[in-house]
Amino acid sequence: MFTIMQAAQGAAKGGFDWSMIIMIVAMFAIVYFFMIKPQRKRQKEIENFRKGLTIGSKVITASGVHGEVKSLNEGESYLTIEIAKGITVQIDRNYVYAVGTQQPQQ
């Protein structure tokens with residue numbers, strides 16, 4: 001904290017202070033490596049998952065609906081999932097986020 005105050009005083013006197021520049025660059029690097037890079041990695045994983053969907057895959061939608069892929073509708077922006085026996089819904093591919101787990105048979 002003391003060095004920040006010294007840097008501010010040096011800049012106020014009209015001198016060029018490299019420590020302030022280094023500190024700003026370090027802050028941007030921290031933000032990049034802890035926030036932006038992991039988010040890009042997650043986004044790429046989700047995109048690869050959506051490309052790898054096959055008929056019969058278990059999925060969970062963004063709204064929490066569990067289902068099984070029944071139709072991929074190639075060339076379209078949606079797919080058809082079965083959420084219960086005989087009940088299918090069409091959902092946008094962008095809202096399919098995770099692989100569902102196998103539900104125990106009752």
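**Confidence**

I started with the confidence values, since this is a predicted model. Helix α1, residues 2–12, has the lowest confidence in the protein chain, with a mean of 59. At the other end of the scale I found β4, where confidence is highest, at 93. For the protein chain the mean pLDDT is 82, and 79% of the residues reach 70 or more. I will keep α1 in mind as the place where confidence is lowest.

**Overall layout**

Next I listed the secondary structure of the protein chain and got 2 helices and 5 strands. Along the sequence they follow the pattern α-α-β-β-β-β-β. I also looked up burial: 17% of the 106 residues in the protein chain count as buried. Taking contacts between residues at least 6 apart in sequence, I noted that 31% join residues at least 24 apart.

**The sheet**

In what order do the strands lie in the sheet? I read off β4-β3-β2-β1-β5, an open sheet of 5 strands with antiparallel pairing. Its edges are β4 (87–92) and β5 (96–99), each of which pairs on one side only. Neighbouring strands are turned against each other by 50 degrees on average, direction ignored.

I then asked what lies across β1 and β5. Helix α2, residues 18–51, does so, and α2 runs at about 85 degrees to β5.

**Strand β1 and its two partners**

I went on to β1 (58–61), whose pairing with β2 is antiparallel over 3 bridges. Here Ile60 stands opposite His66 of β2. The β1–β2 hairpin has 4 residues between its strands, and Gly64 in this hairpin takes a positive phi near 95 degrees.

With β5, too, β1 pairs in the antiparallel sense, over 3 bridges. Val59 has Val99 of β5 as its bridge partner.

Which side chains of β1 are buried? Val59 and Thr61 are, and they point to one face. Lys58 and Ile60 point to the other face and are not buried. A nice clean alternation to see along β1.

**Strands β3 and β4**

I counted 6 bridges between β3 (residues 78–84) and β4, which run antiparallel. Two of the facing pairs went into my notes: Ala84 opposite Ile87, and Glu82 with its bridge partner Thr88. Between these strands the hairpin has 2 residues. Gly86 in this hairpin takes a positive phi, near 85 degrees.

**Asn73**

Asn73 caught my eye, for its phi is near 50 degrees, a positive value in a residue other than glycine. I placed Asn73 in the loop between β2 (66–71) and β3.

What does its side chain hold on to? I found a polar contact of 2.8 Å between the side chains of Asn73 and Ser71. Another, of 3.3 Å, joins the side chain of Asn73 to that of Thr80. Setting aside neighbours within four places in sequence, I have Asn73 in contact with Tyr78, Leu79, Thr80 and Arg93.

**The nonpolar core**

My last stop was the largest nonpolar core, which has 9 residues in all. Its members are Phe49, Leu53, Val59, Val69, Leu72, Leu79, Ile81, Ile91 and Val96. Nonpolar side chains tend to be buried together in soluble globular proteins. I met Val59 earlier as a buried side chain of β1, and Val59 is one of the core residues as well.

Leu72, another core member, got a closer look. Not counting residues up to four places away in sequence, Leu72 touches Leu53, Thr54, Ile55, Tyr78, Leu79 and Arg93. Among these, Leu53 and Leu79 also belong to the core. Tyr78, Leu79 and Arg93 were on my list for Asn73 too.

Methods: Residues are numbered from 1 along each chain as its sequence is written. This is a predicted model: local features need pLDDT of at least 70, side-chain atom pairs count only at pLDDT 80 or more; totals for chains, interfaces and linings use all residues. Side-chain values use heavy atoms; hydrogens and water are left out. Two strands pair if DSSP finds at least two bridges between them. Axes are lines fitted to C-alpha atoms, for helices over the stretch in contact, and angles run from 0 to 180 degrees between N-to-C directions. Contact means heavy atoms within 4.5 Å. pLDDT is the predictor's confidence in each residue, from 0 to 100. A polar contact is a pair of N or O atoms within 3.5 Å; within protein, one must be able to donate a hydrogen and the other to accept it, and residues adjacent in sequence count only if both atoms are side-chain atoms. A nonpolar core is a set of buried Ala, Val, Leu, Ile, Met, Phe, Trp, Tyr and Cys residues joined through side-chain atoms within 4.5 Å. Buried means under 20% relative accessible area, exposed over 50%, partly exposed in between (1.4 Å probe, protein chains only).
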